[in-house]
Amino acid sequence: MQEKPTTVAAYAAGASLAAVALFYVFGPNYTIDGDESNDSNRKKSIVGLSNLANDCFINSVLQALAGLGDLRVYLIRELHRRELDGPEIYNAVPSRDELSRGERPDKVRELQQGIITQALKEMLDRLNERPIYKKTISARGFIQALEFAFRTRISRNQQDAQEFLQIVLERLCDEYHAGVRARKRALGPLGALAGPGAEPAPESLADVEVRIDDGSAEGLPAIIDTKLKEIDNQLGFPFEGKLESQIECQFCHYQYKPKETAFVNLTLQVPQKSSTTLNACFDGLLKTEYIEDFKCDRCRLQHAVDSKTQERARTRSRSDQERLDQEISQLRDALSTDPEKEMEGITLPPSQLAPKRRIARHMRITSFPKVIAIHLSRSIFDHSSSSKNAAKVSFPEQLPLGGILSQTWYKLLAIVCHKGSHHSGHYESFRRNHLYQPFSTPDTFSSYAQSRAASENPSAAPSPRLAPRSSPDDTGTSSISTATSSPSVSGAQLTPPLPRPATSSSRRSFPSIPSRSSTPQPATGSGRSSPTLDGGRFSTSSAPRPSRAIARPAEGSGLSSRLRRRRNPNDRWWRISDEKIKECKTSDVLGMQKEVYLLFYEMK
């Protein structure tokens, strides 16, 4: 019986849709998503920035900030928190008694609203797109928001990437602390106990039961959490750190009270040599510095005691002797308790007669930021002119900071370079080619294995990244590890342990989801077959294999070239000069020793 033409057309359309769906499931990246293409010569790129008015110093800083995962996490978290709290908290202006000297209510309101925080998040979101064609955008929107916030125009005549970075980071830090103070005022007395800089809330006030007026007789019960101090300290502004400086007199060995200052970027002076290292530049900031002709407060008080003792021995008046005895007693009390406090009612000898001492000045980092921005100052000033220090500064990819017992490791994520003289030149940036989640399927079989594992083991937690086992016969609980090479914008991933049945006959091995640094290589075969999961490894062969060895594809094939290119994704960088973008390696970045100007390290 001959089929009707409509039935044949329906069958053909259904088969075509099924084929397209299967092709997208098993190989979407090759033609649609654009992450990996069959054409090895296809240029993969990111979003560039147009340079219409000497904006290279702005473009280079924004591109470097776009490659910092912790900064993007902070922007998402901070804006989401402000959205949940409601605009009424951040639109409320504090009273005049609560305002500091020189603060205006309208300025405080703008800081609380987070204008630059919102504008920077939108800018970085646009820069972190993965376009399938060359795309160039303008940073005009963010520049207009910055000019509105400071009520001034950004000058293009004296362009300096470090000054622009300093302005942006200080504004973001001020908006963060203004938001913290607004939330503290909204909580009232509980916020005063839990706010930053205050003592922790007592245990009795850890969970305070309150009632919300919802029209009922007793009100709706609610619980107010008073642990804002702990939350703000752990999830603070990622660029903010603290430096502590202390002075010690080399004569009396009195140590002054340490003074702590906050910073959002560190400025290191480059020595005038042909070549140096980043550690040597840090030594210039953190090493012990000796200063001559310093007037120590304790030595000055001791000099005053000696002078008044001699004066008492010479005087014959009873009243003068009693006055001098009282002053000497107060000076000795100050020497034993606090020599730095100001002496009231006591006339000290002239400061010109105070002894001059040699002091040692110590400086150390007490609070390490999540992201540390380092500025290498290359300016050389003399009496008549200024020039640029062209010394080579070698910098590592992994930077250790701190003491031996409390060492903190940082990883290089971006740099900004300057080519030219002190008065003219061009800025360009390098940023590590990280793919932060959420992203479109970066690997063909990774998405397939994740969807299968999620369907077989449904859970409310995000899908963890499974670590491959060394042998199928290993005993114990399967270990799950999340990717730590790059932070996730979506937040921390939960890693619950997976149970394993005790019997070996019914034991089921979980497939290993490959990361971007280890791409599975298919085995060679005569026919084309769909991928299967075999003992935690991926196999494209339909017949079972006696061994776990994976055959390498033929040299020169397109698949082999793609696998070699993706073998070490951490070695891939973007070199960005406004709208011109090309790929480079870590060795190329570390070789920019003569041009490096700004470095961005992220805590591991």
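Student: Which residues are linked with Arg 72 in a network of salt bridges?

Tutor: Arg 72 shares that network with Lys 121 and Asp 125. Side chains of opposite charge can pair when their charged atoms come close. The cut-off for a salt bridge is a side-chain nitrogen of Lys or Arg within 4 Å of a carboxyl oxygen of Asp or Glu. Before we go on, note that this is a predicted model: local features need pLDDT of at least 70, side-chain atom pairs count only at pLDDT 80 or more, and totals for chains, interfaces and linings use all residues. Residues are numbered from 1 along each chain as its sequence is written, and side-chain values use heavy atoms, leaving out hydrogens and water.

Student: How many salt bridges does a search of the whole structure find?

Tutor: The search finds 22. One of them joins the side chains of Lys 257 and Asp 338, at 3.3 Å from N to O. This pair links distant parts of the chain, 81 residues apart. Lys 257 is in the loop between strand E5 (241-249) and strand E6 (259-263), while Asp 338 is in the loop between helix H14 (318-337) and strand E10 (357-367). Helices (H or I, at least four residues) and strands (E, at least two) are DSSP runs, numbered from the N terminus.

Student: Is Asp 338 buried or exposed?

Tutor: Buried means under 20% relative accessible area, exposed over 50%, and partly exposed in between (1.4 Å probe, protein chains only). Asp 338 has 18%, so it is buried.

Student: What does the salt bridge between Glu 292 and Arg 358 tie together?

Tutor: Their side chains meet at 2.7 Å, N to O. Glu 292 lies in strand E9 (residues 289-294) and Arg 358 in strand E10, so the pair connects parts that are 66 residues apart in sequence. Glu 292 is partly exposed at 49%, and Arg 358 is partly exposed at 36%.

Lys 419 and Glu 428 make another salt bridge, with their closest N and O atoms 3.8 Å apart. Here Lys 419 is partly exposed at 39%, whereas Glu 428 is buried at 8%.

Student: Which side chain of opposite charge is nearest to Asp 160?

Tutor: Lys 388 is, but 10 Å away, and Asp 160 is buried yet has no salt bridge. For charge, Lys and Arg count as positive and Asp and Glu as negative; His and the chain ends are not counted. Asp 160 sits in the loop between helix H8 (140-150) and helix H9 (161-187). A polar atom of its side chain lies 3.2 Å from the backbone nitrogen of Gln 162. Contact means heavy atoms within 4.5 Å. Setting aside neighbours within four places in sequence, Asp 160 is in contact with Phe 57, Tyr 427 and Tyr 597.

Student: At what angle do helices H6 and H9 pack?

Tutor: Axes are lines fitted to C-alpha atoms, for helices over the stretch in contact, and angles run from 0 to 180 degrees between N-to-C directions. For H6 (residues 105-113) and H9, the angle is about 95 degrees and the axes are 7 Å apart. Under 35 degrees counts as roughly parallel, over 145 as roughly antiparallel, 65 to 115 as roughly perpendicular, and the rest as oblique. H6 and H9 are therefore roughly perpendicular to each other. Among the residues making the contact are Glu 110 and Leu 111 of H6 and Arg 171 and Asp 174 of H9.

Student: Which residues of H6 are buried?

Tutor: They are Val 108, Glu 110, Leu 111 and Gln 112. Just after H6, Gly 114 takes a positive phi of about 70 degrees.

Conventions: Polar contact = N/O pair within 3.5 Å; in protein donor to acceptor, adjacent residues only side chain to side chain.
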